[in-house]
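User: Please take me through how the labels for this structure are justified, setting each value against its definition.

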Number of protein chains: 2
Amino acid sequence: MPSRTWYFQGGDDGNFRILGINTVSGQGLPRASHLAVSQELKQRSATFSLRGVVSNERYVTRQEKDWLVKHQEPLGRPHAVCGALIPIRKNAEWWALSQDERRAIFEERSAHIQLGNKALPAIARRLHHCRDLSAEEPFDFLTWFDFSPEHEPIFDDLLGALRRTVEWEYVDREVDIRVERL
Amino acid sequence: MPSRTWYFQGGDDGNFRILGINTVSGQGLPRASHLAVSQELKQRSATFSLRGVVSNERYVTRQEKDWLVKHQEPLGRPHAVCGALIPIRKNAEWWALSQDERRAIFEERSAHIQLGNKALPAIARRLHHCRDLSAEEPFDFLTWFDFSPEHEPIFDDLLGALRRTVEWEYVDREVDIRVERL
């Protein structure tokens, strides 16, 4: 069975050069020059080490999923040399909501899927879940994106729009790590 | 932060005596005389070692959740000396479904919550998620129940009814471990 776990480690080497680490809310992350993105935990001195698991979708309907499958592109396209890792954590209030309440905030009130769809096919992404790996995980989700340099404004608009949603009122920690592929 | 991880280990000692291990579908589990239920991993020779994390609910609506909170009882009531651990795994087809499709099978077609509610307050339970702990977990869910001896028929009826649902067509591994508290 292929592993569904991905590691994102900041340090002196890695397959991506870090251009900036911006703390959006809550506690930040230590500086590093490089980001190693891998399915294996590298045994080296990392300044930060994050991990997440690719899992089943939690909110999309069949109709939304079919649309996504048709329109989204894979990570690693040759021209997609810009990358971004956005770790976020949501507060206890979010996790105490019921499924219908979370779905309503996620899509009916915040249009999370609709906003994301507007950035397709320029922006490719993979979502990783961390919350249930242990009770001590620093983030709930890690989202990894790539895109070509001319599409960075589309990506920035997407982040800006998401951060203004009702859903984001439940985000209590967010870091925005921009990288370029080496 | 309190740990949300629980361990269930079969071996020569533990806080519960194993009365029987019944393989319902798929691969079984090795024999053991005792089950240790703990929030710490015991460093001893276990014949099987299962772990899961208490997480947010994935299907219940606010109305269903409020009803549950009002009617369910906690684990560990003095008279609830009978226990059961039911590890299950669902197949790849289940995990490829969208959220609305899984909810429809779970409740609208299989009445999972309604069936469970009929067993309240006699049966207390705690659900643990395992699927996202690693790609090699032997089960997706561990559910731990306790009840008093006179309520065992209610529990058996609940299991029987669930196993006849459409939802259970997606279950490809299930073991039923019955214990008594020591």
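Analyst: What follows covers exposure, salt bridges and one helix. This is a predicted model, in which local features need pLDDT of at least 70, side-chain atom pairs count only at pLDDT 80 or more, and totals for chains, interfaces and linings use all residues. Residues are numbered from 1 along each chain as its sequence is written, chains are lettered from A and ligands numbered from 1 in the order in which they are written, and side-chain values use heavy atoms, with hydrogens and water left out.

User: Why is A:E108 called exposed?

Analyst: Exposed means over 50% relative accessible area, buried under 20%, and partly exposed in between (1.4 Å probe, protein chains only). A:E108 has 52% relative accessibility, so A:E108 counts as exposed, whereas A:R103, with 15%, is buried.

User: What makes the contact of A:E108 and A:R103 a salt bridge?

Analyst: The term requires a side-chain nitrogen of Lys or Arg within 4 Å of a carboxyl oxygen of Asp or Glu. The N to O distance here is 3.2 Å, and the pair therefore qualifies.

User: Which parts does the salt bridge of B:E64 and B:R103 tie together?

Analyst: These side chains meet at 2.9 Å, N to O. B:E64 lies in helix α1 of chain B and B:R103 in helix α3 of chain B, so the bridge ties together parts 39 residues apart in sequence; helices are DSSP runs (H or I, at least four residues).

User: How do you know that the buried residues of α3(B) line one face?

Analyst: The buried residues include B:R102 and B:F106. Seen down the axis, the buried residues fall within an arc of 165 degrees, so they line one face of the helix; the arc is that of the directions from the helix axis to the C-beta atoms.

Conventions
Helices (H or I, at least four residues) and strands (E, at least two) are DSSP runs, numbered from the N terminus.
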